[in-house]
Amino acid sequence: MRLTSALESLKAEIEGVVVGVTLTRQQKAALSGICRPLGLKLLTPLAGKRQDALWKSALDSGYEVVVIYTKGMGKGLLGKAVTAKDAGRLKCTKAGDCS
């Protein structure tokens, strides 16, 4: 796995990994399974947060949000500065997950 190899080569220089995306329990467990054996801390400040609330908060705070990778959102926002109108068009579930 490329991530494991990359982290292994950096572990003498770093203390942990910060992941700035919302994660499912399975994704967080998988990342923990990579970091823990290497002695690295895993910080996931957005894990479990509602995506719809994160979009609103970022845009209301004046951040320019540019989509650089997308899985499940379609390619329409890729490379584009997202507006509140764009975010409003996202389909969000009751749990707050958006696509």
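Serine 5 is found in helix H1, which spans residues 2-10, and, because its relative accessibility is 46%, this serine counts as partly exposed. The structure described here is a predicted model, so that each statement about serine 5, including its 46% relative accessibility, refers to computed coordinates. Although serine 5 and isoleucine 34 are separated by 29 residues in sequence, the C-alpha atoms of the two residues lie 9.8 Å apart in space.

Confidence in the prediction can be given for the chain and for its elements. The mean pLDDT of the protein chain is 83, and 87% of its residues reach 70 or more. In the protein chain, the element with the highest confidence is strand S2 (residues 41-43), at a mean of 93, whereas the lowest confidence is found in helix H4 (residues 84-89), at a mean of 82.

A second serine, serine 32, has its place in helix H2, which comprises residues 25-38. With a relative accessibility of 17%, serine 32 falls under the 20% limit and therefore counts as buried. When its neighbours within four places in sequence are left aside, serine 32 is in contact with Pro37 and Leu42.

Helix H3, formed by residues 51-60, has Gln51, Trp55 and Leu59 as its buried residues. Because these residues cover an arc of only 65° around the axis, they are placed on the same side of H3. On the other side of H3, by contrast, Lys56 and Asp60 are exposed. The cover over the buried residues of H3 includes the strands S3 and S4 together with helix H4. After H3 comes glycine 62, for which phi is positive, with a value near 90°.

The surface of the model also carries a nonpolar patch, formed by Val66, Ile68 and Tyr69, and these residues together have about 390 Å² of accessible area. One of the members of this patch, isoleucine 68, is located in the loop that runs between strand S3 (65-66) and strand S4 (81-82). Isoleucine 68 counts as exposed because its relative accessible area is 77%, a value that lies over the limit of 50% used for this class.

Notes:
Residues are numbered from 1 along each chain as its sequence is written. This is a predicted model: local features need pLDDT of at least 70, side-chain atom pairs count only at pLDDT 80 or more; totals for chains, interfaces and linings use all residues. Side-chain values use heavy atoms; hydrogens and water are left out. Helices (H or I, at least four residues) and strands (E, at least two) are DSSP runs, numbered from the N terminus. Buried means under 20% relative accessible area, exposed over 50%, partly exposed in between (1.4 Å probe, protein chains only). Contact means heavy atoms within 4.5 Å. pLDDT is the predictor's confidence in each residue, from 0 to 100. Patches are made of residues with over 30% relative accessible area and no salt bridge: like charges are joined within 9 Å, nonpolar side chains (Val, Leu, Ile, Met, Phe, Trp, Tyr) within 5 Å. Accessible areas come from the Shrake-Rupley method with a 1.4 Å probe; for residues, only the protein chains shown count as cover. A salt bridge is a side-chain nitrogen of Lys or Arg within 4 Å of a carboxyl oxygen of Asp or Glu. The arc is that of the directions from the helix axis to the C-beta atoms.
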